[in-house]
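Biologist: Could you take me through how one reads the local and packing features of a model such as this, going from backbone angles to helices, rings and cores?

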Amino acid sequence: MRKFLPLVLIIFISLLAPQSLSAEEDWETRPIPTDVEVGVICVLDGCMMNLNACETQAAQQLRLNIREKMYKEGLSKEQTYAYLVQTYGEKVLAAPPKRGFNWTVWLAPFVVTIGGGALIYLGLEKWVLRSQENEEESTPVTLNPEDEKKLEEEIKKYI
Amino acid sequence: MAEAGYFSLVLALMLSLYGIIAFIIAARRDNPIFMASARGATLGVTLFSSLASFILIYFLITGDYSIKYVYEYTSNDLPLFYRLAAWWAGNAGSLLLWLFLLSWYTAMVAFSKKARNLTPYASAILLFNSAFFLFVLAFVTNPFERVAGWYPGAVIPDGAGMNPLLQNPGMVFHPVTTYLGYVGFAVPFAYAMTALLTKTGNDQWIKVTRHWTIIAWLFLTLGNLWGAQWAYAELGWGGYWGWDPVENASFIPWLTGSAFLHSVMIQERKNMLKTWNVVLITITYVLTLFGTFLVRSGVLTSVHAFGDSTLGKYFLIFTLLMLFFALDLIILRRDLLVQDANFESFLSKESSFLINNLILVGLAVAVFFGTVYPLVSEAVRGVKVSVGASFFNPVVAPLGIALFLLMGICPLIAWRKASPKNLIDNFLWPLIIALVCAGILFILGFRKGYALLGFATAMFTICTIILEILRGTKIRHKLTGEGYPKAFLGLMIRNRRRHGGYIIHFGLVLMLIGIVGSHTANLDMIQTLKPGQSVDIGNYHLTFNRLGEKPIGTSLDAVFADITVSDRSKGTLLGYVEPQKVFYPTSEQPMTEIGLRSTLKEDLYIILSTWDREGSATFKILINPLVSWLWIGGYIVILGAIFALWPGRGSQTGSKYVNTVNHFQPLEGGREG
């Protein structure tokens with residue numbers, strides 16, 4: 001049996017070889033999920049377009065880089081992004097990472113909108129209160145039939 | 001002749017400076033002689049700016065490559081159509097186009113018979129703008145500069161040629177309309193500042209500039225729409241809006257301009273928000289300048305920035321100058337801006353307009369801060385960051401949905417005070433229909449929360465608009481006895497301002513459907529095919545027939561892929577598409593010409609990526625659902641704006657509502673939303 005072992009091993013390896021070769025080829029051509037590409041900026045040649053929108057040589061190089069990490073080395077999306085940031089800097093990501101000072105850009109629109117909403121509420125409260133006070137002081141107007149008829153005619157003109 | 005062009009600019013600059021002084025003297029001394037003289041100077045600026053423009057066009061058409069600008073942006077093989085478009089292909093030419101438009105707007109204001117008390121200062125402010133552009137053109141970026149080393153008699157046989165990306169009809173019209181919008185907002189700004197300078201505290205400036213504002217907004221809308229169409233067809237990445245800094249630069253003033261269009265209604269009706277309106281038009285005007293600074297300075301990387309740091313510096317200085325001038329004036333004249341009316345209720349059209357303004361401004365802040373954040377991050381942290389769709393989409397989407405919801409609510413709430421009954425009458429059915437729509441989509445398999453919310457919001461707003469028009473038609477039919485079609489037409493025409501607004505809202509909702517649709521059920525794949533091989537995507541069966549090469553015109557070559565499109569399930573032939581790569585002599589990289597099959601349901605969008613000698617080709621294939629509705633909606637928005645602008649009875653503002661019924665003022669010309 002022992003003397004057949006090398007043969008068995010050779011056959012086993014030869015069976016494996018094409019598979020590993022195809023896996024090697026596979027990672028280079030496998031498509032990158034759109035949600036991964038959308039989050040990356042093509043920084044290699046300074047075009048600064050989203051990777052999913054870029055077809056330059058630099059974009060192809062960056063894609064190869066991502067495929068190598070994701071498919072050859074088996075990194076997750078987040079790990080691949082971390083590698084890209086380490087290699088190219090934060091500008092490689094299509095959005096500032098949600099940490100530290102970057103929170104300002106993420107939160108500013110909502111802070112402004114909510115803060116503005118609070119100001120509007122306070123302003124409205126004041127104006128409505130003032131208006132109610134004025135209304136109490138004023139006397140309601142009743143239209144005589146002639147005025148009512150005039151009003152009706154006016155309304156007909158504009159509807 | 002180039003010298004004539006340059007002297008036209010210098011003369012126009014001198015005349016504009018004289019005109020500013022003459023207008024100020026005319027206003028301060030109420031002097032008709034100076035007024036006539038200032039108007040003459042304005043006309044001179046217009047004529048000399050036009051002359052300079054025509055001279056540049058002449059050089060572009062005749063191909064005088066001794067002119068540096070002509071050399072850099074045209075070549076012998078460039079078609080006449082694009083030779084004309086080269087006017088705005090580069091820095092100097094596009095600034096000349098801006099000046100040309102601004103000078104004509106200024107002349108229209110100076111010779112306007114409306115609001116003569118405001119004309120002198122408004123014209124002076126506009127002439128000051130012209131003077132800045134003339135200064136830049138005369139001393140910083142002269143469009144008539146000769147190429148280095150040129151001497152009289154020397155002939156330069158050919159030019160460097162135009163950027164291939166600009167050789168698309170969308171890029172021919174998009175800049176002109178965008179500039180018409182940008183320049184247009186200078187007019188209401190000039191009148192607002194004049195109202196403060198002349199201590200005119202009423203809403204006269206708003207009434208005078210209403211048409212100007214809508215025209216500026218209309219052109220800016222058209223500019224953004226055509227820009228998106230150009231990006232979709234020409235950039236070849238499958239999308240129409242990439243949140244590029246230059247796109248954002250024209251979108252931000254559009255947002256604040258839209259807020260201004262709504263908030264002025266409150267001042268017209270209730271004498272309120274005077275300060276806010278002046279601030280809003282100031283911000284909008286300043287943002288048009290700031291956008292130009294972004295485009296010209298090259299401080300941010302963009303697919304279509306001109307990038308010239310010297311020019312950017314001048315724009316930044318001018319932008320800050322105008323901002324401080326406006327803010328100073330607003331603070332000095334704050335007593336004029338005291339409002340004299342109150343809100344009767346939390347629940348009223350007025351308060352809903354405030355929320356509308358809040359969200360529009362919130363959106364503007366989001367886009368503005370996102371656009372400039374790379375600069376802020378670099379300045380504060382010393383770290384360069386990018387801000388793209390991954391930031392803008394999630395931040396803008398919730399605010400956008402809220403805005404569209406308000407679009408359905410605002411117009412149907414009563415002025416002054418809405419009752420619960422009013423709310424139930426107007427919103428119950430639209431709400432039920434929207435929920436049913438969301439339910440059906442959910443059953444059909446839609447699971448994305450934003451998509452469901454987006455479609456439901458769109459349905460709600462469409463229903464409120466239709467319900468309101470049906471109700472109005474019914475009332476008109478009852479009151480006048482007209483048949484329903486006539487009553488409908490009468491209703492629309494008698495109050496074009498209000499119903500033009502409804503048409504605009506309707507168009508915007510269709511755009512929302514297109515935007516949500518194209519982000520929801522889209523499909524994409526990258527596939528390498530040999531001739532004769534097929535691939536299935538969505539409901540399409542695509543067969544790659546062959547790869548070919550063909551000349552385009554006299555100097556361009558294209559590699560194209562011939563693809564047959566069939567129905568996947570029925571097998572019937574749907575047509576052929578031909579994605580291409582076009583080789584321009586002026587560009588190292590070939591340009592993408594997409595293969596597009598567009599229907600109301602979806603777009604089949606094919607990009608030819610690469611190919612090999614054996615004839616195999618790699619394609620990026622996308623299915624973009626409902627994109628056509630984005631364009632249809634956009635053109636309906638434009639139609640709505642034109643409808644609202646159409647002069648005559650029915651286009652005026654409505655009555656004023658101040659405090660209580662005691663102060664109800666007579667109707668002036670029509671009821672308005």
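Modeller: In this predicted model, Asp30(B) is found in the loop between helix 1 (2-29) and helix 2 (32-62) of chain B. Its backbone is worth a look, since Asp30(B) has a positive phi of about 50° although it is not a glycine.

Biologist: Is Asp30(B) buried or exposed?

Modeller: With a relative accessible area of 67%, Asp30(B) is exposed, the threshold for that word being over 50%. A second case can be read in the same manner: Lys199(B), in the loop between helix 8 (186-197) and helix 9 of chain B, has a phi near 55°, again a positive value in a residue other than glycine. Lys199(B) counts as exposed because its relative accessibility is 55%.

Biologist: Which residue takes a positive phi just after helix 15 of chain B?

Modeller: There Gly445(B) has a positive phi of about 115°, and just after helix 3 of chain A one finds Gly74(A) with a positive phi of about 75°.

Biologist: How should I judge the length of a helix, taking helix 3 of chain A as the example?

Modeller: One compares the distance between the end C-alpha atoms with the span expected at 1.5 Å a residue; helix 3 (residues 57-72) of chain A has 16 residues and should span 22 Å, and its end C-alpha atoms are 21 Å apart, so the two agree. Its buried residues include Leu62(A), Ile66(A) and Met70(A), but also Arg63(A), Arg67(A) and Lys69(A).

Biologist: Where does the kink in helix 15 of chain B lie?

Modeller: The kink, of about 45°, lies at Phe427(B), shortly before the proline Pro430(B). End to end, helix 15 (residues 420-443) of chain B reaches 33 Å from its first C-alpha to its last, which is close to the 34 Å expected for its 24 residues at 1.5 Å a residue. Both Phe427(B) and Pro430(B) are among the buried residues of this helix, as are Asn422(B), Cys437(B) and Leu441(B), and what covers the buried residues includes helix 14 (389-409) and helix 16 (449-480) of chain B.

Biologist: How are pairs of aromatic rings described, and how many are there over all chains?

Modeller: A pair of aromatic rings is described by the distance of the centres and the angle of the planes. Counting rings whose centres lie within 6.5 Å, one arrives at 42 aromatic pairs over all chains. In one of them, Trp241(B) and Phe251(B) have ring centres 5.6 Å apart and planes at 70°, so this pair is edge-to-face. Because Trp241(B) lies in the loop between helix 9 (204-235) and helix 10 (245-270) of chain B while Phe251(B) lies in helix 10, the pair ties together parts that are 10 residues apart in sequence. Trp241(B) and Phe251(B) are both buried.

Biologist: At what angle are the ring planes of Phe391(B) and Phe392(B)?

Modeller: Their planes are at 80° and their centres 5.1 Å apart, so this pair too is edge-to-face. Phe391(B) counts as buried at 0% relative accessibility, and Phe392(B) does so at 1%. These residues belong to one aromatic cluster, whose members also include Trp106(A), Trp217(B) and Trp254(B). Over the ring of Trp106(A) sits the charged end of Lys98(A), 4.5 Å from the ring centre, while the charged end of Arg39(B) sits over the ring of Phe111(B) at 5.8 Å from its centre.

Biologist: Which residues have the most contacts inside the largest nonpolar core?

Modeller: In soluble globular proteins, nonpolar side chains tend to be buried together. Here the largest nonpolar core has 217 residues, and those with the most contacts inside it are Leu84(A), Trp87(B), Met193(B) and Trp205(B). Helix 9 of chain B gives the most to this core, with 16 residues. Trp205(B) touches, among others beyond four places away in sequence, Leu118(B), Tyr191(B), Phe260(B) and Ile281(B). Apart from this core lies another, of 18 residues, among them Leu529(B), Leu542(B), Phe544(B) and Leu608(B).

Biologist: And in which strand does Arg546(B) lie?

Modeller: Arg546(B) lies in strand 3 (residues 540-552) of chain B, and with a relative accessible area of 43% it is partly exposed. Arg546(B) and Ser616(B) are 70 residues apart in sequence, yet 8.5 Å apart in space, C-alpha to C-alpha.

Conventions: Residues are numbered from 1 along each chain as its sequence is written. Chains are lettered from A and ligands numbered from 1 in the order in which they are written. Side-chain values use heavy atoms; hydrogens and water are left out. Rings of Phe, Tyr and Trp (its six-membered ring) pair if their centres lie within 6.5 Å; planes under 30 degrees apart count as stacked, over 60 as edge-to-face and the rest as tilted. Helices (H or I, at least four residues) and strands (E, at least two) are DSSP runs, numbered from the N terminus. Buried means under 20% relative accessible area, exposed over 50%, partly exposed in between (1.4 Å probe, protein chains only). A charge sits over a ring if NZ of Lys or CZ of Arg is within 6 Å of the ring centre and within 35 degrees of the ring normal. A nonpolar core is a set of buried Ala, Val, Leu, Ile, Met, Phe, Trp, Tyr and Cys residues joined through side-chain atoms within 4.5 Å. Contact means heavy atoms within 4.5 Å. The expected span of a helix is 1.5 Å times one less than its number of residues. The bend at a residue is the angle between axes fitted to the seven residues ending there and the seven starting there.
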